[in-house]
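I set out to record what I looked up in this structure. The entries follow the order in which I took up each topic.

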Amino acid sequence: MEIRLRYFGQLQEATGKSEEVLKEAFDTIGSLRNFLIQRYPQLKNRNFKIAQDNKIDMDSSPLNGSLIDLLPPFSGG
Amino acid sequence: MIMESRYQRHIQLNEVGSLGQEKIKQAKVLVIGVGGLGCPALQYLAAAGVGTLGMMDPDLVSLSNLQRQILFNENDLGKNKALSAEKHLQKLNSEIQIQAFPFALTHENAEEFISEFDIVIDGTDNFYTRYLISDQCILQDKVMVYGALYKFEGQVSVFNYQDGPSYRCLFPTPPINGEIPNCSDIGVLGMAPGIVGVYQALEAIKVILDLGDLLSGKLLCINLLSHQNTVLDFEKNQNEIDQITKSGKPIPVGNNDCFIDFEVSLEQLSAKEKIKWIDVREQDELPRLNYLNPLGSNVSVDVLMESKQKIIAFCQTGTRSKVFVGKMKRKGIKNCFSLKEGAKQLQEWLKNDRL
């Protein structure tokens with residue numbers, strides 16, 4: 001199954017992408033996170049949440065969605 | 001004949017009506033941070049007739065604020081933001097109670113000031129204050145309307161609404177210093193905080209009126225370039241909330257990225273204290289204080305990192321030193337402060353108190 005990833009905020013600069021499609025399979029949200037950190041070392045120690053199919057989920061949750069959003073906190077006011 | 005009233009266009013709406021307008025009048029909203037988010041939020045809330053409207057900000061209006069902080073004009077330059085906002089908002093609506101607090105929200109005063117209001121709008125630009133607002137809102141069961149941005153993207157959410165999730169449920173771990181830049185570091189298009197700030201005002205009014213779907217348990221992500229707006233659901237994390245309620249007071253964020261606490265005045269310093277002074281001025285600026293560290297922009301981070309002494313940077317007026325200290329803080333140097341006064345006052349102080 002393909003998953004579509006969308007990077008928000010500073011994560012676009014860290015990965016150099018706003019979106020991408022992955023063909024790999026992942027058991028959990030956490031395993032996707034680890035895969036991305038390997039692929040983009042800049043993501044290491046970054047603080048970001050992962051949502052699947054429009055719901056922010058825990059790293060221990062099974063990954064079964066097709067749309068994945070990666071969200072850092074924002075600061076500026 | 002129908003009498004024209006200020007809130008006619010609200011009252012005409014079935015969803016608001018006279019009853020709704022009365023609710024708005026009874027509401028008490030505090031806006032913390034009168035900047036890019038706070039200014040537009042305050043204008044709409046004052047215009048809407050929010051009966052008690054508070055605004056808190058220790059900062060002064062500077063020229064680079066006018067590009068987006070639309071409540072201010074050139075006459076306000078150098079004046080406190082909360083006091084300037086109060087003056088303008090009073091002209092917009094003299095029927096409401098406006099309270100200006102020209103100082104920073106701190107762990108000492110947060111409980112007292114937040115207790116006076118029902119809803120707090122987070123218009124801050126740092127995580128230190130944001131987590132403080134969040135924790136205090138959890139403890140006092142106040143609704144917090146969150147807004148933040150990065151370049152052309154915004155985030156909006158409503159926390160603690162009817163036992164709903166809090167900011168810590170969304171982002172339990174505060175970012176490390178420098179991980180998340182703010183508007184003054186990276187720049188921002190003026191309209192971006194404008195849109196997010198108006199969204200915050202909208203959500204506050206919807207809370208007051210109990211109207212429509214609120215962004216409680218939802219994070220609205222706005223992309224101003226692509227117009228791809230996304231609403232993401234998130235759940236309450238009871239452990240995060242219990243941590244605060246059990247502690248009974250806000251838990252300070254380890255990495256303080258709030259400039260206010262970086263500043264130190266000569267009056268606060270003891271003559272006995274060992275201080276590593278750093279001159280961040282150019283070589284030709286007077287008076288020269290040659291026996292101090294003339295390191296400035298060439299300062300070695302390693303030297304500062306190893307310093308056991310308190311590090312205080314100074315310039316002519318306390319502005320450049322503040323920027324310098326911000327940079328040092330983001331590099332992880334903790335014991336570093338910016339002198340509020342300038343080199344001239346420091347020279348006097350050194351003569352009188354130390355030599």
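**Entry 1: a buried aspartate and its partner**

I began with D76(B), which is buried, with a relative accessible area of 0%. The model is a predicted one, and I kept this in mind throughout. I then looked for a charged partner and found that the side chain of D76(B) meets that of K87(B) in a salt bridge, at 3.2 Å from N to O. D76(B) sits in the loop between β2 (52-56) and α4 (81-92) of chain B, while K87(B) belongs to helix α4 of chain B, so the pair ties together parts that are 11 residues apart in sequence. K87(B) has a relative accessibility of 35% and counts as partly exposed. I noted the general background as well: side chains of opposite charge can pair when their charged atoms come close.

**Entry 2: other salt bridges**

How many salt bridges does a search of the whole structure find over all chains? I recorded 19. In chain B, I looked up D122(B) and R130(B), whose side chains meet in a salt bridge at 2.6 Å, N to O. Are D122(B) and R130(B) buried or exposed? I found that both are buried.

I then examined K17(A), which forms a salt bridge with E20(A); their closest N and O atoms are 3.5 Å apart. K17(A) is partly exposed, at a relative accessible area of 28%. E20(A), by contrast, counts as buried, at 9% relative accessibility. I also noted that K17(A), E20(A) and R39(A) are joined into one network by salt bridges that share partners.

**Entry 3: where the chains meet**

I next turned to the contact between the chains, to which chain B gives 39 residues and chain A gives 24 residues. Between them, chain B and chain A bury about 2,400 Å², of which 54% is on carbon and sulfur atoms. I counted 2 salt bridges between chain B and chain A. One bridge that I looked up joins the side chains of E235(B) and K55(A), at 3.3 Å from N to O. I also recorded 13 residue pairs in polar contact between chain B and chain A, both residues at pLDDT 80 or more.

Which elements of chain B each supply at least two residues of the side that touches chain A? I listed α6 (127-140), β5 (143-150), β6 (153-159), α7 (167-170), β7 (218-223) and β8 (230-233). The residues on this side of chain B divide into 21 nonpolar, 11 polar and 7 charged.

**Entry 4: a hairpin in chain B**

I followed β7(B) and β8(B), which run antiparallel and are joined by 4 bridges. L220(B) stands opposite V231(B) in β8(B). The hairpin of these strands has 6 residues between them, and there H227(B) takes a positive phi near 65°. I saw that side chains alternate along β8(B): T230(B) and L232(B) point to one face and are buried, whereas V231(B) and D233(B) point to the other and are not.

**Entry 5: a parallel sheet in chain B**

Last, I looked up an open sheet of 4 strands in chain B, with parallel pairing and the order β9-β12-β11-β10. Its edge strands are β9 (263-264) and β10 (275-279) of chain B, each of which pairs on one side only. Within chain B, strand β11 (residues 310-314) and strand β12 (residues 336-339) run parallel and are joined by 3 bridges. I closed with A313(B), which stands opposite S338(B) in β12(B).

Definitions and conventions:
Residues numbered from 1 in each chain as written. Chains lettered and ligands numbered in written order. Predicted model: local features only at pLDDT ≥ 70, side-chain atom pairs only at ≥ 80, totals over all residues. Heavy atoms only, no water. Contact = heavy atoms within 4.5 Å. Buried area = accessible area lost by both parts, 1.4 Å probe. Salt bridge = Lys/Arg side-chain N within 4 Å of Asp/Glu carboxyl O. Polar contact = N/O pair within 3.5 Å; in protein donor to acceptor, adjacent residues only side chain to side chain. Nonpolar A, V, L, I, M, F, W, Y, C, P; charged D, E, K, R; others polar. Buried < 20%, exposed > 50% of the residue type's maximum accessible area, 1.4 Å probe, protein only. Pairing = 2+ DSSP bridges.
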